[in-house]
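Below are my notes on the model you sent, set out as numbered points. Please read them with the coordinates open.

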Amino acid sequence: MVDDSQAVGGSGRAKIATVTPLLQTSTGVALRLNGVRRAFANGPVVLNDFTLDVAAGEFLAILGPSGCGKSTLLRLVARLIPPDAGTIATSPAQPRAAFLG
């Protein structure tokens, strides 16, 4: 699935592609963004009414030109910055973090 209708900002649009693995597993974290908006102070609206569902076990690729909102989207998902509007939910609600060294 590729959806570039809602990612806006800079000079282009991000393309989001999800690839479902051949063997669907129940492990992993499901992600849902619903109506997410993020704008910079005195700057552009980076994401507006952005909705995305990623099932547990799915792989996701985010592609797009510089300034289209890829890094902002990842910061929102990682909860490093809050959305201005909308919701971001994961299942399980508090995913475990793993650090490989």
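1. Helix α1 covers residues 70–77, and its buried residues are Thr72, Leu73 and Leu76. These three lie on the same side of α1, because the arc they cover around the axis is only 100°. Please keep in mind throughout that this is a predicted model.

2. Leu73 and Leu76 also belong to the largest nonpolar core, a set of twelve residues. The other members are Leu31, Leu33, Val36, Val46, Leu47, Phe50, Leu52, Val54, Ile81 and Ile88. At least two residues of this core come from each of β2, β3 and α1. Strand β3 gives the largest share, with five residues.

3. One core member, Ile88, deserves a look for its contacts. Which residues does Ile88 touch, leaving aside its neighbours within four places in sequence? They are Leu31, Arg32, Leu33, Val36, Leu76, Arg79 and Pro83. Of these, Leu31, Leu33, Val36 and Leu76 are listed with Ile88 in the core, and Leu76 is one of the buried residues of α1.

4. On the overall layout, the protein chain has one helix and five strands. In sequence order the pattern is β-β-β-β-α-β. Of the contacts between residues at least 6 apart in sequence, 63% join residues at least 24 apart.

5. Strands β2 (residues 30–39) and β3 (residues 45–54) run antiparallel and are joined by six bridges. Leu31 has Val54 in β3 as its bridge partner, and both residues are members of the nonpolar core. The hairpin formed by β2 and β3 has five residues between the strands, and in this hairpin Asn42 has a positive phi near 55°.

6. Two further residues should be checked for backbone geometry. As background, most residues other than glycine have a negative phi. Asp49, which is not a glycine, has a positive phi of about 50°. Asp49 sits within strand β3, the strand that pairs with β2. With a relative accessible area of 48%, Asp49 is partly exposed. The next residue in the chain, Phe50, is part of the nonpolar core.

7. The second case is Arg79, another residue other than glycine, with a positive phi near 65°. Arg79 follows α1 and lies in the loop between α1 and β5. Is Arg79 exposed or partly exposed? At 46% relative accessibility it counts as partly exposed. Arg79 is also among the residues in contact with Ile88.

8. Past β5 (85–91), the segment that follows contains Ala93. Ala93 counts as exposed because its relative accessibility is 53%, and the cut-off for that class is over 50%. The C-alpha atom of Ala93 is 9.3 Å from that of Ala30, although the two residues are 63 apart along the chain. Ala30 is at the start of β2 (residues 30–39).

9. Finally, the totals for the chain. Of the 101 residues, 26% are buried. The exposed surface comes to about 6700 Å², and carbon and sulfur atoms supply 58% of it.

Conventions:
Residues are numbered from 1 along each chain as its sequence is written. This is a predicted model: local features need pLDDT of at least 70, side-chain atom pairs count only at pLDDT 80 or more; totals for chains, interfaces and linings use all residues. Side-chain values use heavy atoms; hydrogens and water are left out. Helices (H or I, at least four residues) and strands (E, at least two) are DSSP runs, numbered from the N terminus. Buried means under 20% relative accessible area, exposed over 50%, partly exposed in between (1.4 Å probe, protein chains only). Contact means heavy atoms within 4.5 Å. Accessible areas come from the Shrake-Rupley method with a 1.4 Å probe; for residues, only the protein chains shown count as cover. The arc is that of the directions from the helix axis to the C-beta atoms. Two strands pair if DSSP finds at least two bridges between them. A nonpolar core is a set of buried Ala, Val, Leu, Ile, Met, Phe, Trp, Tyr and Cys residues joined through side-chain atoms within 4.5 Å.
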